[in-house]
Amino acid sequence: MRWLVGWSSAAAGAFGTGGAGATGYDGETVHPVGSQLLWGDPDPLWAVGDWRPDEVRVVRADAQTRIAVLGICGASDEELRLGLLTARGGALRHLTAWPGSYTAVVQAGRRVTVCGDLAGARPVFHTPWAGGTAYATAALPLADLIEANLDFGHLAALLAAPDVPAALLDSTPYDGVRRVPPGHALVLRTGAREIAAYEQAASLVMAAPPADPAGAVDAVRDALVEAVRVRLSAPRHVPDIDPGPVPGMGPAERRAARGMPVPGIGADLSGGPASGTLALLAAGLPGMPGTVLGHGTGAGERLLAVTFNDLAVGGREAELERAGTLAANPRLHHIVVTGGAELLPYADLDGPLTDEPAPSLVTAGRHRARLASGSADHFTGYGARQVLDAHPARLADLLMDRKRRHLVRPVAALTKADGSVMVPARVYGAARRLARTPYRAGVEALAERLLRRRFDEDEPAGAVGASLAALTWARPGPAARWLTGEALAEVSVLLQGSANRSAMGPGQRPGDHRARAALARHAAGIRVLEQAAEIRSQRLHAPFLDNQVVRACRELPESLRVQPGARAAILRTVLEGAGVTGLPPGWGAPSHATTTAARAGLRMAADSLDALFTTPLLAEAGLIEARVVRAALRGAAAGEPLPLDGLAELVSAELWLRRLLARRGTCWTGTPGRARAVPAGIAPRRGALASGG
């Protein structure tokens, strides 16, 4: 893991001397483990972890005016200096408008500004500490710093309503550590904090101005090409020099055995349009995108394309065939990573501690096996579906804008998939109800459903059922049905309080609101996956989550988004605009998500999962009853129609809690007591509502 951490105090010099450390509650000096100091007192900033030299840049205008940029940023030093001078007056948005994926920190006198990203893949966290405010790009270091206990209300909300910002608010799994929402910045002035938005949301009063579809797609193309180019222009990194031959093993096998990625740049090539677009763009742009000459495969400038073939579960033959056709491009060097039953979900329940829990913990071993054969800089298509596709709730946005004719094609596609003549009336009626439902009423309806444990209507029957269930302001998560009544009541109270505090809602249309929430949840999951499946010296790149790409995609007209096959058509146009043609037949065909692998993994890991939930920590926290979850796991393995995503969330939460409590280290040194998060463990609790609300 890599993060930055700093703080702002009410009085100059309150946090130690010369930026070498900070004074805690008992007068002890603390500083982050494995850190490099970027600037010192009175408001010090550190970079912690295995940052590459080119990933940490500091530009100064004078002794008290400076900017630090951590990550991949396409701005030159002169552009950073100009941006710094502009930021002295309080402007924020331009700090997030450079190509790449990065975190910017600006200090102007005693004012410190930390900008989060639009998607939520690079979040910012903060907590009160020692009369000021500490901040970081990871929650666990701050939890260690203040010895935070677990926030059971957040864990309950994460399981009951993971897609509902009104339930999660700005909380984290650690009590007292807060999250800056996507599209916002943390502004600190002598220890006092302010959360400032830098991105304007769509108006609820006026319809969006008509957008030119061709121009919007061209903007997406330009943003994607620039996102890929800025990564190609970064310095290449050779992880480690191969120490020498091993009998019976080639260079690639030696690297895999030692957990080393291939030097140079590579990409996923799953056969889907997102990864294929990035692989073809990276291979086609000038800049020698492939492996470094003289290292690894000897493929020279060809880009390493990695395809995962699941031998235990079939159903992806068409995608694998398309990946093979794309890999015939002479600019690509294609390898296929095969996996059997040992790489099924739930097969490997061991792994590193991540900053937060996420469902990807049960599939981390599967991803790690694929990434181990990847490159030191590896492109992934994560986020494409969330930024390009239309959330079903966007149908209500079209009705609010009086654009009913644009509903014809998506509704016709749903009718064809279902075969019922009643589909158009059902979909139109649900969209019309959502368009007329105020935000507060939608949140209160979810609070009532959780309180009454009404989940049967959430069972989606195919594409039509899933679309109808999504045509709401808020809905229960797939794991909610297995939570205790007490936990659900606590989340219900949180929702009621949130609805009362913000009766006017988020100031967004329902479709836009749901799409942003889904993107934030997906980005948070990708961040956890990157930590759980981390390969030493490797960087995963998700250009679709870059600020400029997200902005460009948000300008796509809704009438274009909701059309069947819109994502594949947009990416095809992007490639054609970049000079890439000759895509294989079936390009962009929908990938029908299958639960076969998850069910097979549940069946194979039945004994270990049963043991995991014999005395679960989630039950000690009052969130579940062990026997109920064990029965659900056995039923899902036997083929019962249960929401498998919900079981993945429960298992991941339990795994994360066990790893957190088994941890003995801390992110800080120099303290007598070696402060760490959750120092007393989990005390069995009852009466959740006593601390909720």
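Which strands does helix α2 (residues 139-146) lie across? The legends below describe close-up views of a predicted model, beginning with this helix.

**View 1. Helix α2 against its strands.** Helix α2 lies across β1 (3-8), β10 and β11 (132-136), and runs at about 10 degrees to β10.

**View 2. The open sheet and its edges.** In this predicted model, 6 strands form an open sheet with antiparallel pairing, in the order β4-β5-β1-β11-β10-β12. The edge strands, each of which pairs on one side only, are β4 (35-39) and β12 (178-179). Strand β10 (residues 125-129) runs antiparallel to β12 and is joined to it by 2 bridges, and the bridge partner that His126 has in β12 is Arg178.

**View 3. Gln508 in the loop between α16 and α17.** Gln508 is found in the loop that lies between α16 (485-501) and α17 (510-532). With a relative accessible area of 12%, Gln508 counts as buried, because buried means under 20%. The side chain of Gln508 makes a polar contact, at 3.3 Å, with the side chain of His513.

**View 4. The largest nonpolar core and another core apart from it.** The largest nonpolar core has 105 residues, and those with the most contacts inside it are Tyr174, Tyr346 and Leu495. Helix α25 (residues 644-662) contributes the largest share of this core, 10 residues. When neighbours within four places in sequence are left aside, the residues in contact with Tyr346 include Val362, Ala598, Leu602, Leu644 and Val651. Apart from this core lies another, of 75 residues, among them Ala185, Val187, Ala305 and Trp587.

Notes
Residues numbered from 1 in each chain as written. Predicted model: local features only at pLDDT ≥ 70, side-chain atom pairs only at ≥ 80, totals over all residues. Heavy atoms only, no water. Pairing = 2+ DSSP bridges. Helix = DSSP H or I, 4+ residues; strand = E, 2+ residues; numbered from the N terminus. Contact = heavy atoms within 4.5 Å. Axes fitted to C-alpha atoms, helices over the stretch in contact; angles between N-to-C directions. Buried < 20%, exposed > 50% of the residue type's maximum accessible area, 1.4 Å probe, protein only. Polar contact = N/O pair within 3.5 Å; in protein donor to acceptor, adjacent residues only side chain to side chain. Core = buried A, V, L, I, M, F, W, Y, C linked by side-chain atoms within 4.5 Å.
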